[in-house]
Every structure is written in structure tokens, then in C-alpha cells.
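Me: I should like to understand how the descriptive terms applied to this model are justified. Please set each value against its definition.

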Amino acid sequence: MPQTVKGVISRSKGADVEVVDVVVPDPGPGEAVVTIKTCGVCHTDLHYREGGINDDYPFLLGHEAAGYVEAVGEGVTDVAPGDFVILNWRAVCGQCRACAKGKPWYCFNTHNATQRMTLTDGTELTPALGIGAFIEKTLVAAGQCTKVPEADAAAVGLLGCGVMAGFGAAVNTGGVTRGDSVAVIGCGGVGNAAIAGAKVAGATTIIAVDVNDAKLEQAKHFGATHTVNSTQGDAVEAIRGLTGGNGADVVVEAVGRPETYEQAFYARDLAGTVVLVGVPTPDQQVTLPMIDIFGRGGSLKSSWYGDCLPSRDFPMLVDLYKQGRFDLAAFVTERIGLGDIEAAFDKMHAGEVLRSVVEL
């Protein structure tokens, strides 16, 4: 029987979000219904509300979530009712050209639920990133459920998006390893996750760059060995000065702006790597001299979801958290209810929080 539960939607561009009744169907073939325990408030949800993704309103917001599988549809074998899972938005298909090349973290045909959740009047909802988790129960493709060891849902649920994106940008995309020097530009949740990833991977010099001294102080907790306030001097020169005049082996740009990308480009060592994980707007452009692109060598990469493979990375990172080696709980600034999401957007926009986490 379909269930009616409370969820948070964005009905139109720029309008405040609403808590409404949502009808969740029984899972069909390849689908699962998940009882949501927690869901982080991510900037992507604000992008949806503001029309920055598309205009397929109304949106069921939320995607950075953890909970328990309640029911599964026909043909589902990887998860079962009662499993504790983190939801992911890269449920790999196993058949596309990326998967066929042995690179499923680039899967170009990820799975979502076939059925739609609706309002009580039958209006179909568009779930954020194919998940829609600001809700008591949600319907997803079973492949979007990654079974992990049980832990604090508010902490480990953040692996569903922002923390995985930052950690993976450093470790998976950037290939940070023992003895490397790393600079991270932008010390929000994603940037701090990149710093934490660099520390776990064994980087010895980790430079945090931001315009906010409070954020820089916070970055030290996640593993930054040095901090640079870019309003007080040339960030590129500061990074070079902290790396023997050479620049960092890996520079992670976690802002998504042309000026900070240019800083990242010139702050890396010769043959070093730049990783763009900050999400730019469609109108932004960057211009670099081709001779510098050629002459500096190395690589310029973008990182999609931290180039993660959820089935591989989520359980590993939960284990590191439970061992005390990766402080996921430190990313949780506050725990809130479904009715507090609009205020959480304001705090996020003002840079007052790493993550507000909805607990259901």
C-alpha cells in the first residue's frame, strides 16, 4: 500500500520550502523504500530551489541521507529490509561505456527509481539528485542504497554528497599520497573534507586557503598544517613560500570561481595537479595562457562526486570514522527538524555552518 508521509518541497523558483504530505509508492522492480533517519542540508538543494539545476518543479529536496531499508521490490538482492544504508546518487549501471572500461565511478547511466512520488493531489515530484530525502520515507533505485556498518546517521550520512566529494577530490581524483604537499582553496564542508582526505592519505604539508579566519581555524582541526587568508596577501605566493618556492603537488579548488581556479593553477608545482570540485555557475569562464598550460605540465582535472564508487568508498570511510581516524561528526554543526530547512539555507549562505543535519 502507498504511504503518505511528511516531506519538504520547493514549489517554485525562489519560494520558501514547504512541509507537505507526500505519497510514497510501494517499491517496484529494482526499487527500495528507505526510512530516512538523517539528511544534510547541502548547497545543491538550494540550487534546486533557486532554479539553478532545472525548472522541473515541484522538487522534493534532500539527498545527503542515511536510514534503514523498509522494503524492496522484485529482483533486489544487494540490500534487504533492516539494512542500514547511506543513499548515493551514483547507482552504477554496469553497462555503459564508462562501466565497460572498468571506470564505474564515471558511470554515464546511473539508476533512479522508475516510479514517482507525488503530492496527495497526484502532482509528480522531482527528487533532488534522484533521491529526495527531506522526507520521512523515500523511494529510490535499490542501487542508490549502500549498506554500511551502523554508526551515527547524522555523521555518516554526509558521505552521501559533500564530504565524499571533498575527500574523493583529494584522494581519488587528485591522487594525494604519502609525503605530498596539498593546498585547498575554500574551506567549507567540501574543502575541509579534502583537507581531511589529504591527512588520511599521508600528505605532510596541507595548506588551507580562505577569506575567513574562523574557517581557517576550523580547517586546522581537519588536518591543515598551514593557513592562508587570501585577503591579506597573494595566496599563490603564500602557497609557494610554504612549499620551498615550488608550489603544491596537488591543489584542490573547492569554490568554483574563475579567480580561485586561476590561483589554483599557478599555485601548483610543475607537473602538479589541479582538481576542480567547487561547482561553477554556467556563465563563468576562465582564461589562461596556452603557453602556461603547456609549460607547467601536469594535469587539470574536475572531480565528479569525488570520483567515488559508493560500494567501495562508503564502507571504508565509515570504518575510518569508527576507528577515530576520520572525524565525520565534526562536520555536523547543528541537528534540526524538517521545519528548519529554510533557516538552515540562510545559515549556509552566510557561512555560519559546515552542515545542518535534519533528523527525522
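The exchange below takes up helix packing, aromatic pairs and burial in turn.

Reply: This is a predicted model, in which local features need pLDDT of at least 70, side-chain atom pairs count only at pLDDT 80 or more, and totals for chains, interfaces and linings use all residues. Residues are numbered from 1 along each chain as its sequence is written, and side-chain values use heavy atoms, with hydrogens and water left out.

Me: Why is H5 called roughly parallel to H6?

Reply: The axes of helix H5 (residues 189–201) and helix H6 (residues 213–222) come within 8 Å and cross at roughly 30°. Angles under 35 degrees count as roughly parallel (over 145 as roughly antiparallel, 65 to 115 as roughly perpendicular, the rest as oblique), so H5 is roughly parallel to H6.

Me: What makes the contact between H5 and H6, and which classes of residue does it have?

Reply: Asn192, Ile195, Ala196 and Lys199 of H5 meet Gln218, Ala219 and Phe222 of H6, where contact means heavy atoms within 4.5 Å. By class, this contact of H5 with H6 has four nonpolar, two polar and one charged residues. Ala, Val, Leu, Ile, Met, Phe, Trp, Tyr, Cys and Pro count as nonpolar, Asp, Glu, Lys and Arg as charged, and the others, Gly among them, as polar.

Me: How many aromatic pairs does the structure hold, and why is the pair of Tyr106 and Trp304 given its class?

Reply: There are ten aromatic pairs. The ring centres of Tyr106 and Trp304 are 6.0 Å apart and the planes stand at 80°. Rings of Phe, Tyr and Trp (its six-membered ring) pair if their centres lie within 6.5 Å; planes under 30 degrees apart count as stacked, over 60 as edge-to-face and the rest as tilted. The pair of Tyr106 and Trp304 is therefore edge-to-face.

Me: What makes this pair tie together separate parts of the sequence?

Reply: Tyr106 lies in the loop between helix H2 (97–100) and strand E7 (118–119), and Trp304 in the loop between strand E16 (299–302) and helix H10 (310–322), so the parts tied together are 198 residues apart in sequence.

Me: How do you know whether Tyr106, Trp304 and Arg49 are buried or exposed?

Reply: Buried means under 20% relative accessible area, exposed over 50%, and partly exposed in between (1.4 Å probe, protein chains only). Tyr106, at 29%, is therefore partly exposed, as is Trp304 at 43%. Arg49 has 10% relative accessibility and so counts as buried. Arg49 lies in helix H1 (residues 43–49).

How values were computed. Axes are lines fitted to C-alpha atoms, for helices over the stretch in contact, and angles run from 0 to 180 degrees between N-to-C directions. Helices (H or I, at least four residues) and strands (E, at least two) are DSSP runs, numbered from the N terminus.
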